[in-house]
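Please look at the chain shown here, and follow it slowly with the text beside you. The paragraphs after it begin inside the fold and work outwards.

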Amino acid sequence: QPSGTEFCTRPAMGDEFIKMMFEIGKILMQAEAKVNATCGFHVHVDGVDLSYWQLRELILLWSIIEKDVRQYLVAPTRLNNRYCMEFKTSIPKEVIERLKCLNTSKKLREYLLALVLGTRTDQIGNTVREGGKGHNHGPLRYLSLNLNSWTYRGTVEFRLKEGLIDTSEGTAWALFCGWIVEAAAKLPMS
């Protein structure tokens, strides 16, 4: 009985991404790969250029649409998985309300870093992407939208989708995740 394997890919975009997903699909089909309820399909979207304001908009947007995404686009087996917990119910309502009220870049930066890293604002220091592999992942690591990844990889990770063999569905999901980040980045500051 072979054990599970994590399938990691290189960063890709555009036609290169579509081609890579097609090639992965061929490999998975040839290997007669299987997935079960413990498998997840995680997508990292480049967020290195996201400002704190855009990250705030992403959090607010995701807190609005996550319920529908969970209901219509995700297998029921993923809904209670501890590695992709519901974002909105895991983040206190007061946090979302506070994010809406912050009106300076400095205050927003401090608040977001404290939220993502799980520290007090006076412990954070000036470097945004500090840490690296093996550092404390913070409280947001296992939520459906992992913002902790943004602090050390420069990506926003969507952890919600179930494992799949159908790479056309995986391609569509990855594009959807990218569109969410792009939409949040284009929203006017609320």
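In this predicted model, a good place to begin is leucine 147, which, once its neighbours within four places in sequence are left aside, is in contact with Leu55, Leu58, Ile59, Phe87, Val116, Leu140 and Val156. Leucine 147 belongs to the largest nonpolar core, a group of 49 residues in which Leu58, Leu147, Val156 and Phe158 touch the most other members. Helices H1 (14–30), H2 (52–73), H4 (93–101), H5 (105–117) and H7 (167–186), together with strands S1 (40–46) and S3 (155–162), each supply at least two residues of this core. The largest share, 9 residues, comes from H2.

With that interior in mind, we can step back to the whole chain. The protein chain contains 7 helices and 3 strands, and, read along the sequence, these follow the pattern α-β-α-α-α-α-β-α-β-α. Of its 190 residues, 44% are buried. Among the contacts in the chain with a separation of 6 or more, 66% are between residues 24 or more positions apart.

How are the strands arranged? They form an open sheet of 3 strands in the order S1-S3-S2, with antiparallel pairing. Because S1 and strand S2 (145–146) stand at the edges, each with a single partner strand, one side of each is left without a neighbour in the sheet. Strands of a sheet pair through backbone hydrogen bonds, and the pairing may be either parallel or antiparallel. Here S1 and S3 pair in the antiparallel sense over 6 bridges; along this pairing, histidine 44 has glutamate 157 in S3 as its bridge partner, while glycine 40 stands opposite glutamate 162 in S3.

The two faces of S1 can also be told apart. In a regular strand the side chains alternate between the two faces of the sheet. Along S1, Phe41, Val43 and Val45 point to one face and are buried, whereas Gly40, His42, His44 and Asp46 point to the other face and are not buried.

Next come the helices that lie against this sheet. H2 lies across S2 and S3 and runs at about 20 degrees to S3, while H7 lies across S1 and S3 and runs at about 40 degrees to S1. The 20 residues of H7 should span 28 Å at 1.5 Å a residue, and this agrees with the model because its end C-alpha atoms are 28 Å apart. In H7, the residues Thr167, Gly170, Thr171, Trp173, Ala174, Cys177, Ile180, Val181 and Ala184 are buried, and what covers the buried residues of H7 includes H1, S1, H2 and S3.

H1 shows how one helix can have two unlike sides. This helix has 17 residues and reaches 25 Å from its first C-alpha to its last, close to the 24 Å expected at 1.5 Å a residue. Its buried residues are Phe17, Met20, Met21, Ile24, Gly25 and Leu28. Seen down the axis of H1, these buried residues fall within an arc of 145 degrees, so they line one face of the helix. An α-helix has 3.6 residues a turn, so residues three or four places apart point the same way. The buried residues of H1 pack against S1 and H7, whereas the face turned away from the buried side carries the exposed residues Asp15, Lys19, Phe22, Met29 and Gln30. Just after H1, glutamate 32 takes a positive phi of about 50 degrees.

Finally, two single residues show parts of the chain that are far apart in sequence being brought together in space. Valine 74 is found in the loop between H2 and helix H3 (87–90), and because its relative accessibility is 8%, under the 20% cut-off, valine 74 counts as buried. Leaving aside its neighbours within four places in sequence, valine 74 is in contact with Val69, Leu79, Leu160, Glu162 and Trp173. Valine 74 and glutamate 162 are 88 residues apart in sequence, and their C-alpha atoms are 6.6 Å apart in space. Threonine 151, in helix H6 (residues 148–152), is buried, with a relative accessible area of 0%. The C-alpha atoms of threonine 151 and leucine 113 are separated by 8.1 Å, although these residues are 38 residues apart along the chain.

Conventions
Residues are numbered from 1 along each chain as its sequence is written. This is a predicted model: local features need pLDDT of at least 70, side-chain atom pairs count only at pLDDT 80 or more; totals for chains, interfaces and linings use all residues. Side-chain values use heavy atoms; hydrogens and water are left out. A nonpolar core is a set of buried Ala, Val, Leu, Ile, Met, Phe, Trp, Tyr and Cys residues joined through side-chain atoms within 4.5 Å. Buried means under 20% relative accessible area, exposed over 50%, partly exposed in between (1.4 Å probe, protein chains only). Helices (H or I, at least four residues) and strands (E, at least two) are DSSP runs, numbered from the N terminus. Contact means heavy atoms within 4.5 Å. The expected span of a helix is 1.5 Å times one less than its number of residues. The arc is that of the directions from the helix axis to the C-beta atoms. Two strands pair if DSSP finds at least two bridges between them. Axes are lines fitted to C-alpha atoms, for helices over the stretch in contact, and angles run from 0 to 180 degrees between N-to-C directions.
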